[in-house]
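Reader: Could you take a close look at one part of this model for me, the place where the ligand sits? Once that is done, a quick tour of the rest would be welcome.

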Amino acid sequence: MAAQTLEQIINLCKRRGFIFPGSEIYGGLQGTYDYGPLGVELKNNLKRLWWKHNVYERDDVEGIETAILMNKNVWKYSGHEETFTDPLVDCKTCKGRFREDKLADAPCGLHPKLHPGECEGQLTEPRAFNLMFKTQVGPVADPDSFAYLRPETAQGMFVNFSNVLNSTNRKLPFGIAQIGKSFRNEITPRNFIFRVRELEQMEMEYFVMPGDDERIHEEWIQDHVNWWVNDIGLAREDIQLHEHEKAKLSHYSKRTVDILYKFPTLGFDELEGFANRTDYDLGSHSRSNDTLGLTARVTKNEHSTEKLTYFDHTTNKHVVPFVVEPAAGVDRGCLAALCAAYNEETLENGETRIVLKLKPALAPIKVAILPLKKNEPRIVELAKSIKRTLLAKGDMRAVYDDTAGIGKLYRRQDEVGTPFCVTVDFTSLDDGTVTVRDRDTMAQQRIAIADLWSYVRERI
Ligand code: GAP
């Protein structure tokens, strides 16, 4: 049986060391989470798979990593200072603060079964609340010595457009990809790692000739739906596409489509957004942009030192490329992968087995080596040497564990999604074979230790 509630996932994450509430021993800090020993492996695997698909497997994408702190003008010309806001309302009775457009998701401060506004409390008129965090830069705290923590990784790619173009000699269309932290002072962070204040994003800015944008936008949406299904293991029927209403589009977007995933408890909600950002960003960050014939409405810019244009040799003209942007959350990606993988099964003996059927490439631990007898030195030494050999051959997490009986060790590995458990026993000492147990079928087979590495490699 699949996960019925988010609570089941949250419990597993805490119990087994995937994800913990941030600063927990001091009562926590709302909207922050820490990734534990298994969470960090899952997250790294998800990012690695994204990078492989979007950078390595393509001939038209470069990866970069840009600074979280950026010049204030980035956020002036990106439009974030003015428009990166959510509508905030206060309850005059319980003093709670809520997002006006998400009241239906929030519990009332006094009567948690009701939503704000459904109780006797009176809500204020909404006012725009900017979600960007500020921090001081340098030792002198004057009113201008601040910087924002970036609320999206995208701007690092726009301001480096010419650097990447000139250093790689790319032709349109080409993309710049980045994975990194972003920060949003969400009014009501909630639902575990679904909406947090410190998040990680996997974003791609794909630069195209104006006119090619609509077709390429559609291609990226289809490509990434397939990626979430085939590489990450989400069920196709748990994915929906959501077209944003024209009137509610972000200030930079001509069309936005979201991939929604059916999270337990939350229902269908956003996993990744695809915006057609037109020539807004490169145009907006360009010096003297009023001379560029932009389609987007931007603020005149005399602070930038560059015109972020592309010289088209076929027409001998400078053009401002359009941008198609797939933007996914790493945290939401991890959550979706965990939800999709979670399974509770009733075994023949009536016991319940929790098993994470993660794609092997996502699994935090690929192989667990388990000695059948921990007080038999020859078995222990052989098991440890198998682990060392696997590690020497491949870059993957393999663990040695002798802290419980074999049945308990199997259950523990099932619960964290380890695809293979290798048991070393007396027969192993005699004939150089081990038992390999498959996580999903629980079937066991004996294979030669010499063949173990190729057996595992083929399946992960
Ligand atoms: N550059 C475009 C951009 O940032 P977005 O739709 O605001 O677009 C992209 O964010 C993705 O980042 C979302 O689809 C979501 O997966 C993730 N995300 C956004 N805000 C988040 C938050 N507060 N907590 C967790 N993930 C978030």
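By class, how many nonpolar, polar and charged residues does the shell around the ligand have?

Author: Happy to. A bit of housekeeping before the chemistry. This is a predicted model, in which local features need pLDDT of at least 70 and side-chain atom pairs count only at pLDDT 80 or more, while totals for chains, interfaces and linings use all residues. Numbering runs from 1 along each chain as its sequence is written, and side-chain values use heavy atoms, with hydrogens and water left out.

Now your question. By class, the shell around the ligand has 8 nonpolar, 3 polar and 10 charged residues. In this scheme Ala, Val, Leu, Ile, Met, Phe, Trp, Tyr, Cys and Pro count as nonpolar, Asp, Glu, Lys and Arg as charged, and the others, Gly among them, as polar. There are 21 residues around the ligand, and Glu152, Arg184, Glu186, Glu203 and Glu270 come nearest. To count as near, a residue needs one of its heavy atoms within 4 Å of the molecule or strand in question.

Let's go through some of the contacts. A polar side-chain atom of Glu152 sits 2.6 Å from a nitrogen atom of the ligand. Glu186 also points a polar side-chain atom at a ligand nitrogen, at 2.8 Å. With Leu271 the backbone is involved: one of its polar backbone atoms is 2.9 Å from an oxygen atom of the ligand. On its own the ligand has 550 Å² of accessible area, and the protein covers 91% of that. These areas come from the Shrake-Rupley method with a 1.4 Å probe, and for residues only the protein chains shown count as cover.

What about the space itself? The ligand takes up the largest pocket. The search runs on a 1 Å grid over the protein atoms alone: a cavity is a set of points where a 1.4 Å probe fits but cannot get out, whereas a pocket is an open set with protein on both sides within 12 Å along at least five of seven lines, and lining residues have an atom within 4 Å of a point. A molecule sits in a cavity or pocket if more than half of its atoms lie within 2 Å of its grid points.

As for which elements build the shell, β10 (198–208), β13 (267–278) and β16 (322–329) each supply at least two residues. β13 gives the largest share, 5 residues. Helices (H or I, at least four residues) and strands (E, at least two) are DSSP runs here, numbered from the N terminus.

While we're on β13, have a look at Thr278, which is found in that strand. Its phi is near 50°, a positive value in a residue other than glycine. Thr278 is also buried, with a relative accessible area of 9%. Buried means under 20% relative accessible area, exposed over 50%, and partly exposed in between, with a 1.4 Å probe and protein chains only. Lys95 makes a nice counterpoint: it has a positive phi of about 70° although it is not a glycine, but Lys95 is exposed, at 62% relative accessible area. You'll find Lys95 in the loop between β4 (85–90) and β5 (97–99).

One more backbone oddity is the cis peptide bond from Leu172 to Pro173, with omega near -5°. Pro173 is in the loop between α6 (161–168) and β9 (174–183).

Next, Asp60, in the loop between α2 (37–56) and β3 (61–63). Asp60 counts as buried at 14% relative accessibility, and its side chain makes a polar contact of 2.6 Å with that of Tyr206. A polar contact is a pair of N or O atoms within 3.5 Å; within protein, one must be able to donate a hydrogen and the other to accept it, and residues adjacent in sequence count only if both atoms are side-chain atoms.

Further along the chain, Pro371 lies in strand β19 (367–371) and is buried at 5%. Its C-alpha is 8.2 Å from that of Tyr400, although the two are 29 residues apart in sequence. Val436, in β22 (433–438), is buried too, at 2%.

Finally, zooming out: the protein has 13 helices and 23 strands, and 50% of its 460 residues count as buried. Its C-alpha trace spans about 80 × 65 × 50 Å along the principal axes.
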